[in-house]
Amino acid sequence: MKGKSARRFLLFAALIMLVNIAIDQSFKAFSVHNILNRRMDEQFAAYNDTLKYLALGNSHNCINTYILKNSFNYGSPSENYIQSYYKLKHILEKTGKKPEYVILQADISTYGPKIADRYEYNSYWIDYIDYPELARIKGDRTILTKWLEGRFFSYAGNYKDVQLSILYRMKIKTLEMHNGYRPHRDYKNFADEPDKRKLAWDKANLFLTKGVYLDNSIKVYFEKILQLCQANKVRVILVRYPMTKEFNDEEMKIVPADKLFSEIETIASRYPVYRGLFDYHNIFFSHPEYFFDPDHLNIKGSDLFTRQFARDMENLESGLSTE
């Protein structure tokens, strides 16, 4: 009798494991973010041109690689400095490729505790992140569960990714990507929104925390990126991407921007590879039609911004050549 019970238990456990594997693999194959990230990896592996600019960051990173020559846009959804560090470390140590410049996102929302605690799409990031090291730095052993999730339970709690994957397939029929750049969503326009202020308030409070604007773990990994670039002689550019006036106004109610960027500048200026912060956050305040939502440019806005950035980099380069 006991033997039969044990066999039934083992069969049941094996069935559960098989079902979990099937769900896990199906989710990984269905997730649009996994598809986007893996396509970027494939394009970067195949990239054989001069790598002058490597742009990292989250979906605010809208550098158009058709316009900025010799560039690769390796930004991914919800990416923070922690993830950017491990990806850059992998690139410099494992791929044999080294950019002349790394372009780091420097929006207000880049530095707070909410972005520091966003570890989404772990089924992708397990290829890059050293989770034990991250757990030690953050002093939080529960970080190790993110590795477990990414390896075996990628679907757990990720119902929003399922919803977004369905939405993307309905709204965006084909995946166009060039050197990592994919045109920003363009199926709606912020200029047409009836309550811009409410949308901006919702977004700002989603990302920012009153009274805490520079998370300690983000600060640690920001310095680790700078140290990595210094060791490999890779120049660093910080970029504040354009946003709507409404979004900026709501951010200013939560975070003291001058104090934040004064601290960022103090840290970055200790490293000779740092070449400055390019601030574009207000260049399109009078053009809501260039935005998809309060904090994301649409295709037209991305193109205009990238052209301006390319001109500014030319000016910087001409200045460096005369030094």
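Analyst: A crossing of two helices is left-handed if the near helix is turned anticlockwise from the far one by less than a right angle. In this predicted model, the crossing of H3 and H10 is left-handed.

User: Why are H3 and H10 called roughly parallel?

Analyst: Their packing angle is about 20°. Angles under 35 degrees count as roughly parallel. H3 and H10 therefore earn that label. Their axes are 8 Å apart.

User: Which residues make the contact of H3 with H10?

Analyst: From H3 (residues 81-95), the contact takes Tyr81, Ile82, Ser84, Tyr85, Tyr86, Leu88, Lys89 and Leu92. From H10 (residues 216-232), it takes Ser217, Ile218, Tyr221, Phe222, Lys224, Ile225, Leu228, Cys229 and Asn232. Sorted by class, the contact has 12 nonpolar, 3 polar and 2 charged residues.

User: What makes H6 oblique to H10?

Analyst: The axes of H6 (residues 131-138) and H10 cross at roughly 125°. Roughly perpendicular ends at 115, and roughly antiparallel needs an angle over 145. The value falls between those limits, so H6 is oblique to H10. The two axes come within 10 Å.

User: What is the hand of the crossing of H6 and H10, left or right?

Analyst: The crossing of H6 and H10 is right-handed. Glu133, Leu134, Ile137 and Lys138 of H6 meet Ser217, Val220, Tyr221 and Lys224 of H10. That contact has 4 nonpolar, 1 polar and 3 charged residues.

User: Why is H6 called roughly antiparallel to H7?

Analyst: H6 and H7 (residues 144-152) pack at an angle of about 150°. The label needs an angle over 145. H6 is therefore roughly antiparallel to H7. Their axes are 8 Å apart. The contact uses Tyr131, Pro132 and Ala135 of H6 with Leu144, Lys146 and Trp147 of H7. By class it has 5 nonpolar residues, no polar ones and 1 charged.

User: What makes the pair of tyrosine 47 and phenylalanine 72 edge-to-face?

Analyst: The structure holds 25 aromatic pairs, and this is one of them. The ring centres are 5.8 Å apart. A pair needs centres within 6.5 Å. The planes stand at 80°. Over 60 degrees counts as edge-to-face, so the label fits.

User: Where do tyrosine 47 and phenylalanine 72 lie in the chain?

Analyst: Tyrosine 47 is in the loop between H2 (32-46) and S1 (53-55). Phenylalanine 72 is in S2 (residues 71-73). The two are 25 residues apart, and their pair links distant parts of the chain.

User: Why do tyrosine 47 and phenylalanine 72 count as buried?

Analyst: Buried means under 20% relative accessible area. Tyrosine 47 has 7%, so it counts as buried. Phenylalanine 72 has 0%, so it counts as buried too.

User: Why is the pair of tyrosine 53 and tyrosine 101 called stacked?

Analyst: Their planes meet at 25°. Under 30 degrees counts as stacked. The centres are 5.5 Å apart, so the distance also fits the limit of 6.5 Å. Tyrosine 53 lies in S1 and tyrosine 101 in S3 (residues 101-105), so the pair ties together parts that are 48 residues apart in sequence. Both residues are buried.

User: Which residues do ring pairs link into a cluster?

Analyst: The cluster holds Tyr241, Phe278, Tyr280, Phe305 and Phe309.

User: Why is valine 273 called buried?

Analyst: Its relative accessible area is 8%. The cut-off is 20%, so valine 273 is buried. Valine 273 lies in the loop between H12 (257-268) and S5 (274-279). Beyond neighbours within four places in sequence, it touches Leu226, Cys229, Gln230, Lys233, Val234, Arg235 and Val236.

User: Is asparagine 70 buried or partly exposed, and why?

Analyst: Asparagine 70 has a relative accessible area of 29%. Partly exposed covers values between 20% and 50%, so that label applies. Asparagine 70 sits in the loop between S1 and S2. Its phi is near 55°, a positive value in a residue other than glycine.

User: What makes serine 78 count as buried?

Analyst: Serine 78 has 11% relative accessibility. That is under 20%, so it counts as buried. Serine 78 is in the loop between S2 and H3, with phi near 65°. Glutamine 83 of H3 touches serine 78. At 1% relative accessibility, glutamine 83 counts as buried.

Technical notes:
Residues numbered from 1 in each chain as written. Predicted model: local features only at pLDDT ≥ 70, side-chain atom pairs only at ≥ 80, totals over all residues. Heavy atoms only, no water. Axes fitted to C-alpha atoms, helices over the stretch in contact; angles between N-to-C directions. Helix = DSSP H or I, 4+ residues; strand = E, 2+ residues; numbered from the N terminus. Parallel < 35°, antiparallel > 145°, perpendicular 65-115°, else oblique. Contact = heavy atoms within 4.5 Å. Nonpolar A, V, L, I, M, F, W, Y, C, P; charged D, E, K, R; others polar. Phe/Tyr/Trp six-rings, centres within 6.5 Å; stacked < 30°, edge-to-face > 60°. Buried < 20%, exposed > 50% of the residue type's maximum accessible area, 1.4 Å probe, protein only.
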